Amino acid sequence: MADEALFLLLHNEMVSGVYKSAEQGEVENGRCITKLENMGFRVGQGLIERRNTVLLLVDLFRFTKDTARFKDELDIMKFICKDFWTTVFKKQIDNLRTNHQGIYVLQDNKFRLLTQMSAGKQYLEHASKYLAFTCGLIRGGLSNLGIKSIVTAEVSSMPACKFQVMIQKL
Amino acid sequence: MAVCIAVIAKENYPLYIRSTPTENELKFHYMVHTSLDVVDEKISAMGKALVDQRELYLGLLYPTEDYKVYGYVTNSKVKFVMVVDSSNTALRDNEIRSMFRKLHNSYTDVMCNPFYNPGDRIQAFDNMVTSMMIQVC
């Protein structure tokens, strides 16, 4: 479907664009990842707002159960794994683990943004650039739902990757 | 119609507040501020209940002799408060709900505006709000 490819290609261009402008300017490499993550953050915030309105207006009966008030963090994380991920990547998170003390690990075995890149260890060192935006996306979505967090990602073998969410208790 | 419309951020400061210019605006600011307590009460009381469009709409918060105050809260804890004239008895519940829905949609659009930083005052609501305020007058 063409609309899936749109986001993938745009995302790839975004990453290469940020790195290209880094070469011309005096920005060190570390800043690029931060820039991408901040972009993802702002997008995540807007997406969550829109997701709330659309869910409620369009499909009241089907989603009534899913839009139940988020009783706790676990509910919110499940929402991120199912609805949020489906909206952006057309699939759900494959595995969610938690230590019940504020750390959640979301595992996606076939991460959409990495499937085109390689099927094993090739290009592993570049994978982190392509995960920064998505980390920000998760952080932005959580922040608008009232949760401060830190999101990091790791890849051991493409295209599977893990996002680790650390909830910050105030 | 609505004499005052306010959008309140989750940290409980106003993002947008507008009232019909003929009245003393301070009075409406005060009313909206006191209604926040009622909103918080309703949110915490709802706790375990299933939330859908109907529950995001909080309904009549409290009536005074001249005005009625209605509330609505989003999943991201942004509150919309609307003050309407009590003398306007023709205003039905459905109309209030649809006004809140319009507000929510406009708020979502503002959030997606790249020039808007979340947490700033909202400049973009004026047109829509004016149409709501003078609809029936």
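Visitor: In which strand of chain A does A:V151 lie?

Guide: This is a predicted model, and in it A:V151 belongs to strand β3 of chain A.

Visitor: Why is A:V151 called buried?

Guide: The relative accessible area of A:V151 is 7%. The term buried applies under 20%, and A:V151 therefore qualifies with its 7%.

Visitor: Which residues is A:V151 in contact with, leaving aside its neighbours within four places in sequence?

Guide: Its contacts are A:E37, A:C135, A:I138, A:R139, A:Q164 and A:V165. They count as contacts because heavy atoms come within 4.5 Å. For one of these residues, A:R139, the C-alpha to C-alpha separation from A:V151 is 6.3 Å, while the two are 12 residues apart in sequence.

Visitor: What makes β3(A) and β4(A) a pair?

Guide: The two strands are joined by 7 bridges and run antiparallel. Pairing requires at least two bridges, so β3(A) and β4(A) meet the condition with their 7. In this pair, A:E154 stands opposite A:K162 of β4(A), and A:T152 stands opposite A:Q164 of β4(A). The two strands form a hairpin, with 2 residues between them.

Visitor: How many bridges join strand β2 of chain A to strand β4 of chain A?

Guide: There are 6 bridges between β2 (residues 103-108) and β4 (residues 160-167), and these strands too run antiparallel. Against the requirement of at least two bridges, 6 suffices, so β2(A) and β4(A) are a pair. A:L106 has A:F163 of β4(A) as its bridge partner, and A:Q107 has A:K162 of β4(A).

Visitor: What is the order of the open sheet of 4 strands in chain A?

Guide: The order is β1-β2-β4-β3, with antiparallel pairing. Because β1 (95-98) and β3 (149-157) of chain A each have a single partner strand, they stand at the edges, and one side of each has no neighbour in the sheet. Neighbouring strands of this sheet are turned by 20 degrees against each other on average, direction ignored.

Visitor: Which helix lies across β1, β2 and β4 of chain A?

Guide: That is helix α4 (residues 73-89) of chain A, which runs at about 20 degrees to β2(A). Helix α6 (residues 127-144) of chain A also packs on the sheet; it touches β3 and β4 of chain A, and its direction makes about 150 degrees with that of β3(A).

Visitor: Which residues of β4(A) make up its covered face, and which its uncovered one?

Guide: The covered face consists of A:C161, A:F163, A:V165 and A:I167, whereas A:A160, A:K162, A:Q164 and A:M166 form the uncovered face.

Visitor: Why does A:E49 have no salt bridge?

Guide: The nearest side chain of opposite charge, B:K10, is 7.4 Å away from A:E49. A salt bridge requires a distance within 4 Å, so B:K10 at 7.4 Å does not provide one. A:E49 is nevertheless buried. The residue is placed in helix α2 (residues 29-58) of chain A. Not counting residues up to four places away in sequence, A:E49 touches A:N144, and in chain B it touches B:S76, B:H104, B:Y107, B:T108 and B:M111.

Visitor: What is the order of the open sheet in chain B?

Guide: Its 5 strands follow the order β2-β1-β5-β4-β3, and the pairing is antiparallel. The edges are held by β2 (14-19) and β3 (57-63) of chain B, because each has a single partner strand and so has one side without a neighbour in the sheet. On average, and with direction ignored, neighbouring strands of this sheet are turned by 15 degrees against each other.

Visitor: What makes β4 and β5 of chain B a pair?

Guide: Strand β4 (residues 67-73) and strand β5 (residues 79-85) of chain B share 7 bridges in the antiparallel sense. At least two are needed, so the 7 bridges establish the pair. Here B:Y70 stands opposite B:M82 in β5(B).

Visitor: Which helix of chain B lies across β1, β2, β3, β4 and β5?

Guide: Helix α3 (residues 93-112) of chain B does, running at about 140 degrees to β5(B). Helix α4 (residues 126-133) of chain B packs on the sheet as well, touching β1 and β2 of chain B, and its direction makes about 40 degrees with that of β2(B).

Notes:
Residues numbered from 1 in each chain as written. Chains lettered and ligands numbered in written order. Predicted model: local features only at pLDDT ≥ 70, side-chain atom pairs only at ≥ 80, totals over all residues. Heavy atoms only, no water. Axes fitted to C-alpha atoms, helices over the stretch in contact; angles between N-to-C directions. Buried < 20%, exposed > 50% of the residue type's maximum accessible area, 1.4 Å probe, protein only. Lys, Arg positive; Asp, Glu negative; His and termini not counted.
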